[in-house]
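This report describes a structure of two chains, beginning with each chain and ending with the places where parts touch. The reader is invited to follow it with the structure in view.

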Amino acid sequence: MQIYLPIAEVSVNAFLLLGLGGMVGILSGMFGVGGGFLMTPLLFFIGIPPAVAVATEANQIVASSFSGVLAHFRRRTVDLRMGTVLLTGGLIGAALGVVVFNYLKSLGQVDLLVTLCYVVFLGVVGSLMFIESLNALRKSKKGGGAPAARRQRGWVHAMPFKMRFRTSGLYISVIPPMLVGLCVGVLSAIMGVGGGFIMVPAMIYLLGMPTKVVVGTSLFQIIFVTAFTTMLHATTNYTVDIVLAVLLLVGGVVGAQIGTVIGSRMPAEQLRVLLAALVLVVCGKLALDLLIEPSELFSLGSEGGH
Amino acid sequence: MLKRLTALLILCCTPALAVDEQVVLGLSQDRVAITATFDGSEILIFGAVKRETPIPSGPPLEVIVAVAGPSSPVMVRRKERRLGIWVNTDSVLVDLAPSFYAVATSAPLDDILSDTEDLRYRISIERAIRSVGAAMHIRGAQDFADAVIRIREDEGLYSIRENTVAVDEQTLFRTSIEMPADLTEGDYRARIFLTRGKEVISQFETTIDVRKVGLERFLFNMSRQQPVWYGLMSLVIAIAAGWGASTAFRLLREN
């Protein structure tokens, strides 16, 4: 069934959108990522104008994250205190990111920089996670399942303004989580994603949070950052397509519920290997687009847009 | 029927001084309503030639129908390999390019329209795009205008369909123009040209009103006029959907 999108001004198949939303929703629930880094390129691919895709995707992430986080609340795997600290940094970062984005847009190279950002971050994050989680898998098979207790030492412990994060079992300074939130906020505004795929590994490896808590906490802060982004896009660029969003999120919220169930039944190490593989696949696809000669060298854009 | 109408038309016309042949036009619809399930539209364009004199001898009458969507400037960028990756380098602003352009003719366009007439009336796709300001310092500036045509032809937005206007007795003509689902709103200009011996002898112009209606209209207006409420509405729907799915699944699992 074809449906005409009022803001995007294109006609698309409604079931295709429902299906895409559902698939990305499952991944979102499993891994605690918003799914924007998958959905946004997919929307470009089916012909949604980039500006509309980025803005509408932010709105859809709000829905799937909210659906996911409720499930985590019931299982008490959301560290509200940590989430709030991350969020504070995240909102400041998102505001900064919008300024940076508009500056890059005036230079006319925003597409390239967005793609490069994707390739670099997805590549680094994906490889690190992949190696680390493979090692963990091997260890747990050999060593009878006694996971090496990760204790954060050194610089994270030496900082002032320490705070106790009971749910995560941490007693660390608020500065590292604040900085993580800030960086992710900047990147999410530039790349048009929730930032979960950076946030999740940062929480595990930099802050040393337990994997089970990481997913819920990440979803919690993503809701607010993406809601903020949606409002920014709706009021400045008028690019949020509510019809597109509804179709995506109906599929998305259902998918997220299924994903959360699957995620809670899988061992954390396997979950991380899968997420790492997924991140690497997307990274590889984007890198190939940069390296291989495109079949159409020219692209059209509206005046002043990107 | 056709013959009688032709005869009637000829009879109506008193023998007069003017050699004028004029277009009398009909459209199957003069407005296109974009609804939520809009899936393209086909417009039937038909008409007759009103003349004050007998049909002139010499080259036959030919008809060209051109429908153009609203025009806007288009930024065209070209990719080049720099440091191993493909990046946008040069860009050219094409001053005005229609969002939709379809030409239907009664014979191959080159056979019925001279270059000078094409230049004057901007009928062929190449002429319908205006890029006077194309920067001279960029090599192959014409490539950029060609790229606009190529990309939009691939998307079905630009088309030239020769031999699709049926002309009866040099008097009645009809054709249909297909409009794709991805239409932008605005006034679409439909122009009809009569040519003889590659010269335009008469032209007629009318507009087709393409508008969003109903829910599409309401949402579009709201997003422009009440962006804050529109944004909040989007968020409320998102939160409600997220909560709804979560609750539904919990109930499902408990039972």
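Two residues are said to be in contact if their C-beta atoms, placed from the backbone, lie within 7 Å. By that criterion, 81% of the contacts in chain A with a separation of 6 or more join residues 24 or more positions apart. In chain B the corresponding share is 73%. The model discussed here is a predicted one.

**The two chains**

The table sets out the basic values for each chain.

| Chain | Residues | Buried | Helices | Strands |
|---|---|---|---|---|
| Chain A | 306 residues | 52% of residues | 11 helices | five strands |
| Chain B | 255 residues | 31% of residues | seven helices | 12 strands |

Confidence in the prediction can be stated for chain A, where pLDDT averages 78 and 87% of the residues score at least 70. Residues 144-149 of chain A stay under 50 in pLDDT, and the model has two contacts beyond four places in sequence for this stretch.

**A sheet in chain B**

Chain B contains an open sheet of six strands, in the order S2-S12-S11-S4-S7-S8, and the pairing is mixed. Strand S2 (31-34) and strand S8 (158-161) of chain B each have a single partner strand and stand at the edges, so one side of each lacks a neighbour in the sheet. On average, neighbouring strands of this sheet are turned by 15° against each other, with direction ignored.

In general, the strands of a sheet pair through backbone hydrogen bonds, in either a parallel or an antiparallel manner. Strand S11 (residues 186-196) and strand S12 (residues 199-212) of chain B pair in the antiparallel sense, over 11 bridges. Within this part of the chain, B:Asp187 stands opposite B:Asp209, which belongs to S12(B).

**Two residues with positive phi**

B:Arg122 is not a glycine, yet its phi is positive, at about 50°. This residue lies in the loop between helix H3 (115-121) and helix H4 (125-128) of chain B. Is B:Arg122 buried, partly exposed or exposed? B:Arg122 counts as partly exposed, because 15 other C-beta atoms lie within 10 Å, whereas a buried residue would need 20 or more and an exposed one would have 12 or fewer.

B:Glu169, also a residue other than glycine, has a positive phi near 55°. The loop that holds B:Glu169 runs between strand S9 (166-168) and strand S10 (172-179) of chain B. B:Glu169 has 17 C-beta neighbours inside 10 Å and therefore counts as partly exposed.

**Where the chains touch**

Between the chains, 48 residues of chain B are in contact with 48 residues of chain A. Several elements give two or more residues to the side of chain B that touches chain A, including strand S5 (71-82), strand S6 (85-98) and helix H5 (141-154) of chain B. The largest share of that side, 15 residues, comes from H7(B). By residue type, the side of chain B that touches chain A divides into 29 nonpolar, 11 polar and eight charged residues.

**Two domains in chain B**

Chain B is divided into domain 1 (2-212) and domain 2 (213-255). Their contact takes six residues from domain 1 of chain B and six residues from domain 2 of chain B. On the side of domain 1 that touches domain 2, the elements giving two or more residues are S2 and S12 of chain B. The residues on that side of domain 1 comprise three nonpolar, one polar and two charged.

Definitions and conventions:
Residues numbered from 1 in each chain as written. Chains lettered and ligands numbered in written order. Predicted model: local features only at pLDDT ≥ 70, side-chain atom pairs only at ≥ 80, totals over all residues. Helix = DSSP H or I, 4+ residues; strand = E, 2+ residues; numbered from the N terminus. Pairing = 2+ DSSP bridges. Axes fitted to C-alpha atoms, helices over the stretch in contact; angles between N-to-C directions. pLDDT = per-residue confidence, 0-100. Nonpolar A, V, L, I, M, F, W, Y, C, P; charged D, E, K, R; others polar. Domains from an automatic or database assignment.
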